[in-house]
Amino acid sequence: MQLFENHNLKTYNTFEMEVFARQFLQMEAADEIPTVINDYLKREPYYILGGGSNTLFTKDFDGVVAHPVFGGIEVMERSRDNVLLRVAAGEPWDNLIQYCIRHEYFGIENLTAIPGLVGSAPVQNIGAYGVEVKDTIYKVEGFRISTSEPFELMNAECQFAYRNSIFKQALKNDCIITYVWFQLSIKEHFTLTYQGLANAMAERELPMKLRYVSDCVRKIRDAKLPDPKVVGNGGSFFKNPVISAEEYEELKCQYPDLIAYDAPDGQKKLSAGQLIEKAGWKGKRMGNAGTWKNQALVLVNYGGATPKEVLDVAETIIKDVKNLFGITLEMEINRI
């Protein structure tokens with residue numbers, strides 16, 4: 001492990017907020033974690049930081065920020081139909097995508113180009129273009145901070161839900177994930193329920209191959225979303241709201257083009273981006289913060305934005321959407 005004092009976190013969060021951690025701890029191996037917990041995390045306020053792609057630091061952090069940098073992908077089991085991978089928490093997510101494309105393992109290609117580390121994927125239950133990572137996770141390994149003891153949670157025990165999991169609820173701030181196990185298909189299998197992806201494949205007249213599906217996803221994302229290396233942002237800032245079918249039908253009378261997807265228990269999931277756009281916020285800015293020109297769901301740092309500027313934009317959007325639709329948007333981003 002490596003410990004740094006008064007460490008600038010600007011390059012460790014994709015919003016590029018220039019804030020400082022009193023102590024910054026790089027965890028270089030999973031077997032270091034009990035020592036990290038006992039010598040640091042049990043004595044100080046702490047935050048476990050992955051790729052920083054879903055985090056908005058609102059001020060300097062007066063404690064320890066612990067960051068995993070250990071990676072690796074290992075095949076644990078292989079059958080005629082499936083492969084079981086054990087992937088280290090510090091492995092960049094897109095590295096895993098490229099590994100699966102090279103080896104023709106099917107299941108997560110729709111999640112191409114999502115920034116961040118593998119260890120963060122189950123926490124947020126990342127999802128895109130008709131796929132959620134919960135559908136491929138076999139189990140999650142890690143350590144409980146409160147007890148310093150290791151844990152293994154099978155998929156059902158992780159309590160996955162839309163952009164949610166046990167790691168954001170009952171075990172929030174009490175886990176360091178070390179490895180995520182994925183069960184992927186060796187047999188050719190694609191998910192093209194997202195119409196935009198199916199259309200892109202058809203328009204380009206591409207054969208159904210892993211690399212082509214992944215390439216299409218990347219092109220769709222690049223067209224809609226800013227590169228965090230160029231324009232600071234945290235990806236989707238708000239969750240897509242879920243409402244009753246009755247509420248949706250009422251809104252549809254006023255807004256016939258309102259987008260909705262089927263959700264559990266007969267509910268409807270709306271497009272937060274569309275709601276924000278209809279509220280007049282696409283490409284709008286206040287000071288140095290605002291929304292992206294191609295996707296209103298993404299809040300951006302146009303350069304030199306402070307955390308307050310970003311939050312002011314977010315809170316104004318919430319108010320405007322509430323006034324227009326009667327729906328309260330919920331932030332997906334983690335505010336620290």
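Asn-6 sits in strand β1, which spans residues 2–8; strands (E, at least two residues) and helices (H or I, at least four) are DSSP runs numbered from the N terminus. Residues are numbered from 1 along each chain as its sequence is written, and side-chain values use heavy atoms, with hydrogens and water left out. The model is a predicted one, in which local features need pLDDT of at least 70 and side-chain atom pairs count only at pLDDT 80 or more, whereas totals for chains, interfaces and linings use all residues.

Asn-6 has a positive phi, near 45°, although Asn-6 is a residue other than glycine. With a relative accessible area of 55%, Asn-6 is exposed. Here exposed stands for over 50% relative accessible area, buried for under 20%, and partly exposed for values in between (1.4 Å probe, protein chains only). The areas themselves come from the Shrake-Rupley method with a 1.4 Å probe, and for residues only the protein chains shown count as cover. A positive phi, of about 70°, is also found at Ala-113, again not a glycine. Ala-113 belongs to the loop between α2 and α3 (121–124). Gly-107 lies in the loop between α2 and α3 as well, and its relative accessibility of 16% makes Gly-107 buried. From the C-alpha atom of Gly-107 to that of Phe-237 the separation is 25 Å, the two residues being 130 apart along the chain.

Turning to the interior, the largest nonpolar core holds 45 residues. Such a core is a set of buried Ala, Val, Leu, Ile, Met, Phe, Trp, Tyr and Cys residues joined through side-chain atoms within 4.5 Å. Leu-85, Trp-93, Leu-96, Leu-111, Phe-167 and Phe-182 have the most contacts inside this core. Two or more residues each are given to the core by the strands β7 (82–88), β10 (137–144), β11 (150–154) and β12 (175–185), and by the helices α2 (93–103), α4 (195–203) and α5 (210–224). The largest share, 6 residues, comes from α2.

Charged side chains pair up in 17 salt bridges, each being a side-chain nitrogen of Lys or Arg within 4 Å of a carboxyl oxygen of Asp or Glu. In one of them, Glu-141 meets Arg-86 at 2.8 Å, N to O. Because Glu-141 is in strand β10 and Arg-86 in strand β7, this pair ties together parts that are 55 residues apart in sequence. Glu-141 is buried, at 11% relative accessibility. Arg-80 and Asp-81 form another salt bridge, at 3.9 Å from N to O; Arg-80 is exposed at 74%, while Asp-81 is partly exposed at 26%. Glu-277 and Lys-282 are also bridged, their closest N and O atoms being 3.8 Å apart. Both partners are partly exposed, with relative accessible areas of 41% for Glu-277 and 37% for Lys-282. Salt bridges with shared partners also join Glu-132, Lys-134, Asp-135, Arg-163 and Glu-332 into one network.

At the surface, Glu-246, Glu-247, Glu-249 and Glu-250 form a negative patch. Patches are made of residues with over 30% relative accessible area and no salt bridge, like charges being joined within 9 Å and nonpolar side chains (Val, Leu, Ile, Met, Phe, Trp, Tyr) within 5 Å. Asp and Glu count as negative and Lys and Arg as positive, with His and the chain ends not counted; the place of a charge is taken as NZ of Lys, CZ of Arg, CG of Asp or CD of Glu. Within this patch, Glu-246 is in helix α6 (residues 245–254) and is exposed, at 55% relative accessibility.
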